[in-house]
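Welcome! Open your viewer, switch to a cartoon view, and let's take a short walk together.

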Amino acid sequence: MRTKRQLSNNLLRLFVLILALSAGGCGVFGSGGNSRDGIALLEQDVKAMDQRLTADVNELKNDVREIKGLLTRQPGALSSGTAPGLAALPDSQVESLYKQARALYVQNKYEEAGVLFTRLAEQAPAHKLAPNARYWLAECFYSRKQFAEAMTEFEKTVRDYPASAKAPDAMLKLAYSSHMLGDGKAAMARLHDLLQKYPKSEAARMVKSGQTVFRQP
């Protein structure tokens, strides 16, 4: 990758050559044949410099395209496999990391726990503990009062693992998150969805029995 300093130096050299070329008729290279020879050499240098600058510009364009590709890469689609560039974790390591993450969460070390839950969610999306890892990652955000971020992870839990035991729990916490963000209408809609999709779940039973801050819609 060409640096800005290299490109600036090339541009400066080209500018100096152009100035010298324009001054050629004023005796900078002497007179007669020597002046013409000097101008011819300058023209060759300018042509060579133009070619180098064109190569620099093309390389910079390629760099920009590569950077744009990295910036627009979507890291959220993890349900069908590990994220690009990440190796899958062996089952034994998944279970060990999950225990560590849960222990950190119980100790209210939500940020540290979130780092491990994120790793599990991204590197072991097909593991039996993956729904739990995604759910508890959301809980780490929720416990730190980052409700918008928590909603994103709760939604991923429901979307990617709809048959897991954590899906109805995530729907209930989506309602709580909406409530904490001041959107009561959305919170009630989330509860309605929960009761419709998972009517026999423990989360739905809690809503029906009044064990949550919400009433049955």
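Is helix H7 largely enclosed by the rest of the structure or largely open, and why? Keep that in mind as you look around this predicted model.

**The whole chain.** Colour by secondary structure: you should find nine helices and zero strands. Of the 217 residues, 37% count as buried. The protein exposes about 13200 Å², and carbon and sulfur atoms supply 55% of that area.

**Helix H7.** Now select residues 166-180, which form H7. Here is the reply to our opening question: 12 of the 15 residues of H7 are buried, so the helix is largely enclosed by the rest of the structure. Among the buried ones are Pro168, Met171, Leu174 and Tyr176. Show H5, H6, H8 and H9 as well, since they are included in what covers these buried residues.

Try a distance check between the end C-alpha atoms of H7: they are 20 Å apart. At 1.5 Å a residue, the 15 residues should span 21 Å, so the two values agree.

**Leucine 172.** Stay in H7 and show the side chain of Leu172, another buried residue. Looking beyond four places away in sequence, you will find that Leu172 touches Leu191, Leu194, Ala203, Val207 and Thr212.

**The core.** Next, select Tyr105, Phe117, Leu120, Phe154, Leu172 and Leu194: of the 40 residues in the largest nonpolar core, these touch the most other members. Helices H3 through H9 each supply at least two residues of this core.

**Last stop.** Finally, select glycine 182, which follows H7 and has a positive phi, near 85°.

Note on methods. Residues numbered from 1 in each chain as written. Predicted model: local features only at pLDDT ≥ 70, side-chain atom pairs only at ≥ 80, totals over all residues. Heavy atoms only, no water. Core = buried A, V, L, I, M, F, W, Y, C linked by side-chain atoms within 4.5 Å. Buried < 20%, exposed > 50% of the residue type's maximum accessible area, 1.4 Å probe, protein only. Helix = DSSP H or I, 4+ residues; strand = E, 2+ residues; numbered from the N terminus. Contact = heavy atoms within 4.5 Å. Expected span 1.5 Å × (residues − 1). Areas by Shrake-Rupley, 256 points an atom, 1.4 Å probe, with all protein chains shown as cover.
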